[in-house]
Structures are given as C-alpha cells and as structure tokens.
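Work through the following exercises with the sequence and the model open. Each task is followed by a solution in steps.

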Amino acid sequence: MMDFWIILTAVLVASACSILGCFLILRRMALVGDAISHAVLPGIAIAFLMSGTRDSMWMLLGATAFGLLTVFLIQSLQTSGLQSDASIGIVFTALFAVGVLLISLNAQHIDLDLDCVLFGEIAYVPWDTWTFGGADMGPRAVWMLGITLTVILLLLGLFYKQFKICAFDPAMAAACGIPVLLFHYLLMGMVSMTAVSSFESVGAILVVGMLIIPAATAYLLTNRLGVMIGLSVAVGIVSAVGGYLVSYLLDASIAGCIVSIAGILFILTLIFSPSHGMIAKFARGRRAAQAL
C-alpha cells in the first residue's frame with residue numbers, strides 16, 4: 001500500500017507540473033518557474049510561524065502570496081531597466097535566502113527540514129496522513145496535490161482559450177480585450193501552489209525539473225498546444241513511475257531518479273524527434289545540400 005501512495009503522489013506531482021510547464025515554456029518563462037519554486041520558502045516559513053501548524057491551507061496561502069510577490073518584484077526590476085535574467089537571479093536568491101534564514105533562526109519552532117525542502121523525500125509521504133473525524137483519510141500530500149491539480153484543471157478548462165492566446169501572442173490577447181496581466185498572475189499563482197504542494201515530495205530544486213523537462217520534451221514532438229499538454233503529462237507520468245522503479249532497484253533517491261528518467265527521455269527526444277530532432281535536422285540539411 002505504501003508503494004501505491006508514493007507512486008500516486010509522484011504521478012500527481014508530474015501531472016500538475018507538466019501541465020503548467022507547457023505554458024512556461026511557450027512564454028519563455030522557465031526561469032520564472034525556477035524562481036517561484038525557490039521563493040515560496042519564506043512564505044511557507046512565515047505561514048508556519050503564524051499558524052503554528054503545517055496545515056496545508058496556510059502553507060498554500062503563504063506560498064502563493066510569495067510566488068506572486070516574486071513575479072511582481074521581477075517585473076518591477078525589469079521595468080527599471082535591469083535585464084530579465086539578472087532580475088530573476090536577484091529576486092529568487094534573495095527570497096530563498098530569507099526563507100533559509102527564517103527556518104534556521106526558528107528551527108526549534110518550525111518543523112521543517114532544509115534538506116527535505118531542497119531535495120524532498122517522497123518515501124515519507126505515506127506516514128504523514130490526514131485524520132478527519134477520527135478516520136485516516138490517507139497521506140496529506142495526496143490531498144494537497146489532488147486539490148492543486150483540480151484547481152489547475154478547473155481554471156484551464158474554464159479559460160483555456162485565454163491562456164492559449166496569452167501564451168502565444170500577449171499583444172493580440174490584449175487587442176482582443178483579454179486581461180493579460182490577470183491571466184499572467186493566475187498562471188503564476190498556480191505555479192506557486194504547485195511548488196508548495198510538491199516541495200515536500202520532490203523538493204524545491206527538483207520540482208523545477210518536473211516543471212520544465214516534460215514540457216520541453218513535448219515541445220520537441222508537436223506544434224499543437226493541446227497535444228503538447230497531453231504528451232507532457234504522459235512524459236511526466238512515465239518519468240514518475242519509471243523513476244520509482246529504478247530507485248527501488250538501485251536503492252537510490254526517488255526524486256533524483258524521477259527527474260533523471262525525465263532527462264533521459266528528453267535527450268532521446270532531442271536526438272530522435274521526427275520534426276525537431278538532431279537526426280531529422282541533419283537529414284534535412286543533407287537533402288538540402290544534395291539538392292543544391
């Protein structure tokens with residue numbers, strides 16, 4: 001039964017991250033996803049200090065608030081004339097450092113382990129259960145990730161066209177009367193929720209891999225957003241299940257194996273993709289040279 005909960009948690013993490021990763025890739029905001037996944041740490045620490053509990057709702061609210069603050073600060077620095085990559089680097093390292101400082105200064109009050117935050121330990125998920133009315137409802141992480149994934153699917157289902165247009169052409173979206181800034185912050189809010197839901201399972205660092213690698217793999221295989229999302233989720237799930245099996249055989253880190261499998265799938269796609277693969281590009285270049 002423990003294996004089931006671990007695999008289910010990994011699949012939920014992969015699904016939520018893979019869906020949002022497609023929009024981050026298309027909007028060239030992969031580094032912003034990286035920044036948010038690190039910058040939510042002070043929000044988590046402050047929520048714990050204020051509530052005195054690891055209640056999921058408080059952590060979601062704290063992390064989402066700091067995720068949106070991260071985006072606001074990055075955009076403010078960019079508006080002031082600072083380069084995009086420099087703005088991201090300054091904001092996420094500064095906020096992440098504040099989170100580490102808060103946890104280290106209040107270690108006796110905060111039941112959070114920095115190694116767990118950075119690298120995660122999904123093997124402990126089955127032991128952290130949620131009890132309601134005296135009944136064991138299952139692992140807390142599964143409920144948290146399930147709610148997060150439901151919110152993502154609900155918002156994308158209701159506003160798919162708006163998110164799609166904003167991803168491909170923000171100027172056209174604004175011309176059509178779509179509130180681009182609102183949907184931008186909605187996307188960033190969902191990334192923040194996903195980051196805090198996933199950090200105990202795969203860690204703040206490796207969650208970036210699940211946000212970006214499956215989506216980047218799918219990007220090399222299709223030019224249609226709907227298909228890209230489906231392929232990204234499929235790659236994420238295969239990575240989650242395959243990574244768990246490999247970690248069991250090697251007695252290694254589960255999160256590390258999951259992201260490693262995702263990386264291997266990306267490399268294979270980069271080489272063998274029919275449209276964007278290295279072999280396909282070499283073959284097209286050779287045919288073009290022969291035609292000349």
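**Exercise 1.** Identify the buried residues of α2 and decide whether this helix is enclosed or open.

Solution. The model is a predicted one. Step one is to list the buried residues of α2: Val32, Gly33, Asp34, Ala35, Ile36, Ser37, His38 and Ala39. Step two is to set them against the helix, which spans residues 30-39. Eight of its ten residues are buried, so α2 is largely enclosed by the rest of the structure.

**Exercise 2.** Find which residues touch the most other members of the largest nonpolar core, and which helix gives the most to it.

Solution. The core holds 80 residues, and Phe23, Leu187, Met188 and Val196 touch the most other members. The helix that gives the most to this core is α10, with 20 residues. Next, take Met188 and leave out residues up to four places away in sequence: its contacts are Leu24, Met29, Val32, Ile36, Leu68 and Val71. Two of the names in that list, Val32 and Ile36, also appear among the buried residues of α2. As background, nonpolar side chains in soluble globular proteins tend to be buried together.

**Exercise 3.** Locate Leu220, state whether it is buried or exposed, and find what it touches.

Solution. Leu220 sits in the loop between α10 (180-219) and α11 (225-250). Its relative accessible area is 11%. The cut-off for buried is under 20%, so Leu220 counts as buried. Leaving out residues up to four places away in sequence, Leu220 touches Phe266, Thr269, Leu270, Ser273, Ser275 and His276. For the pair Leu220 and His276, the separation is 56 residues in sequence and 5.6 Å in space, C-alpha to C-alpha.

**Exercise 4.** Describe the protein chain as a whole: what are its secondary structure, its radius of gyration and its share of buried residues?

Solution. Begin with secondary structure: the chain has 13 helices and two strands. For the radius of gyration, a compact globule of 292 residues would be near 19 Å, and the chain has 20 Å, which agrees. Along the principal axes, the C-alpha atoms fill a box of roughly 75 × 50 × 35 Å. Buried residues account for 48% of the 292. Among contacts between residues at least 6 apart in sequence, 72% join residues at least 24 apart.

**Exercise 5.** What does the protein chain expose, and how far apart are the centres of its positive and negative side chains?

Solution. The exposed area is about 14100 Å², of which carbon and sulfur atoms supply 70%. The chain carries 11 positive and 13 negative side chains. The centres of these two sets lie 26 Å apart.

Technical notes
Residues are numbered from 1 along each chain as its sequence is written. Side-chain values use heavy atoms; hydrogens and water are left out. Buried means under 20% relative accessible area, exposed over 50%, partly exposed in between (1.4 Å probe, protein chains only). Helices (H or I, at least four residues) and strands (E, at least two) are DSSP runs, numbered from the N terminus. Contact means heavy atoms within 4.5 Å. A nonpolar core is a set of buried Ala, Val, Leu, Ile, Met, Phe, Trp, Tyr and Cys residues joined through side-chain atoms within 4.5 Å. The radius of gyration is taken over C-alpha atoms; the globule rule is 2.2 Å times the number of residues to the power 0.38. Accessible areas come from the Shrake-Rupley method with a 1.4 Å probe; for residues, only the protein chains shown count as cover. Lys and Arg count as positive and Asp and Glu as negative; His and the chain ends are not counted. The place of a charge is taken as NZ of Lys, CZ of Arg, CG of Asp or CD of Glu.
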